[in-house]
Amino acid sequence: MTSPDAADREKVVSKLPPALQQALKVRAAQRGTDIQHAVEAGITAWRRLGANLPAADTGGAKPFATFLPTGQWDEFREACASRGVSLIQGLTQSVLFWLDTNPAPGVVRPEHPKRIIICNQKGGVGKTALAAGVGEA
Ligand SMILES: Nc1ncnc2c1ncn2[C@@H]1O[C@H](COP(=O)(O)OP(=O)(O)O)[C@@H](O)[C@H]1O
Ligand SMILES: [Mg+2]
């Protein structure tokens with residue numbers, strides 16, 4: 001979770017399905033932004049939509065907090081009420097909409113693959129653990 005980048009943001013607490021929280025975190029990083037700006041953009045775009053989106057699955061929603069421009073949350077709450085959706089449903093739709101409209105950028109592969117050798121004459125010193133960790137990273 002990113003801390004506020006300016007005094008004109010306020011902490012908001014709601015709920016989101018854990019898989020969506022994870023997708024949001026990963027996609028924000030892939031897109032070079034952060035969670036608070038992604039959610040802000042998603043809510044803004046959702047509010048501009050002319051029609052209601054189909055109901056999203058909010059099953060298993062867990063507490064979720066972020067920082068939004070002061071006042072955006074109150075306006076969002078009113079928008080949800082006037083559209084007849086719960087706050088969690090509105091937030092879930094907003095985040096899903098942001099994910100849909102901000103796809104993961106293609107992975108750019110280097111021209112030549114990089115080879116890293118991990119060696120040590122001794123056994124049990126972490127060669128495999130290190131190789132697996134570096135590979136995953
Ligand atoms: N940094 C570390 N700290 C604690 N335990 C580690 C660390 N790196 C590896 N281990 C543990 O040490 C054991 C041997 O590691 P492993 O990577 O299999 O060694 P190697 O491939 O060199 O034989 C494993 O149980 C692994 O989980
Ligand atoms: Mg090994």
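Trainee: How many aromatic pairs come out of this predicted model?

Mentor: The count comes to two aromatic pairs. Take Trp46 and Phe76 to begin with: their ring centres are 5.3 Å apart and the planes make an angle of 75°.

Trainee: What makes Trp46 and Phe76 an aromatic pair that is edge-to-face?

Mentor: Two values settle that. Centres have to lie within 6.5 Å, and for Trp46 and Phe76 the distance is 5.3 Å. Planes over 60 degrees apart count as edge-to-face, so the 75° between these two rings puts the pair in that class.

Trainee: Why is it said that this pair links distant parts of the chain?

Mentor: Look at where the partners sit: Trp46 is in helix 2, residues 35-48, while Phe76 is in helix 3, residues 72-83. The two are 30 residues apart.

Trainee: And why is the pair of Trp73 and Phe76 called tilted?

Mentor: Here the centres are 5.4 Å apart, with the planes at 45°. Stacked needs under 30 degrees and edge-to-face over 60, so 45° fits neither and the pair of Trp73 and Phe76 is tilted.

Trainee: How far apart along helix 3 are Trp73 and Phe76?

Mentor: They are three residues apart, which means a separation of about one helical turn. Trp46, Trp73 and Phe76 together form one aromatic cluster.

Trainee: How do you know whether Trp46 and Phe76 are buried or exposed?

Mentor: Buried means under 20% relative accessible area. Trp46 has 0%, and Phe76 has 0% too, so both count as buried. Trp73 is buried as well.

Trainee: What makes Arg83 count as lying over the face of Trp46?

Mentor: The distance part is a limit of 6 Å from CZ of Arg to the ring centre, and Arg83 comes in at 4.3 Å from the centre of the Trp46 ring. There is an angle condition as well, within 35 degrees of the ring normal; Arg83 is listed as lying over the face.

Trainee: Let's move to polar residues. Why is Gln36 called buried?

Mentor: Its relative accessibility is 1%, so Gln36 falls under the 20% cut-off. Gln36 has its place in helix 2. Its C-alpha atom is 11 Å from that of Phe64, a residue 28 positions away along the chain.

Trainee: What makes Ser94 buried, and where is it?

Mentor: Ser94 is in helix 4, residues 87-101. With a relative accessible area of 1%, set against the 20% limit, it is buried. A polar atom of the Ser94 side chain lies 2.8 Å from the backbone oxygen of Gly90.

Trainee: Why does Asn102 count as buried?

Mentor: Its relative accessible area is 16%, which is under 20%, so Asn102 is buried. Asn102 lies in the loop between helix 4 and helix 5.

Trainee: What joins the side chains of Asn102 and Arg31?

Mentor: A polar contact of 3.5 Å, set against a cut-off of within 3.5 Å.

Trainee: Now the ligand. Which residues are around ligand 1?

Mentor: Gly123, Gly124, Val125, Gly126, Lys127, Thr128 and Ala129. By class, this shell has two nonpolar, four polar and one charged.

Trainee: How do you know which backbone atoms come within polar-contact distance of ligand 1?

Mentor: Compare the distances with the 3.5 Å limit. Oxygen atoms of ligand 1 lie 3.2 Å from a polar backbone atom of Val125, 3.0 Å from a backbone N or O atom of Gly126 and 2.8 Å from a polar backbone atom of Lys127. As for cover, the protein takes 38% of the 560 Å² of accessible area that ligand 1 has on its own.

Terms used:
Residues numbered from 1 in each chain as written. Chains lettered and ligands numbered in written order. Predicted model: local features only at pLDDT ≥ 70, side-chain atom pairs only at ≥ 80, totals over all residues. Heavy atoms only, no water. Near = heavy atom within 4 Å. Polar contact = N/O pair within 3.5 Å; in protein donor to acceptor, adjacent residues only side chain to side chain. Areas by Shrake-Rupley, 256 points an atom, 1.4 Å probe, with all protein chains shown as cover. Nonpolar A, V, L, I, M, F, W, Y, C, P; charged D, E, K, R; others polar. Phe/Tyr/Trp six-rings, centres within 6.5 Å; stacked < 30°, edge-to-face > 60°. Helix = DSSP H or I, 4+ residues; strand = E, 2+ residues; numbered from the N terminus. Buried < 20%, exposed > 50% of the residue type's maximum accessible area, 1.4 Å probe, protein only.
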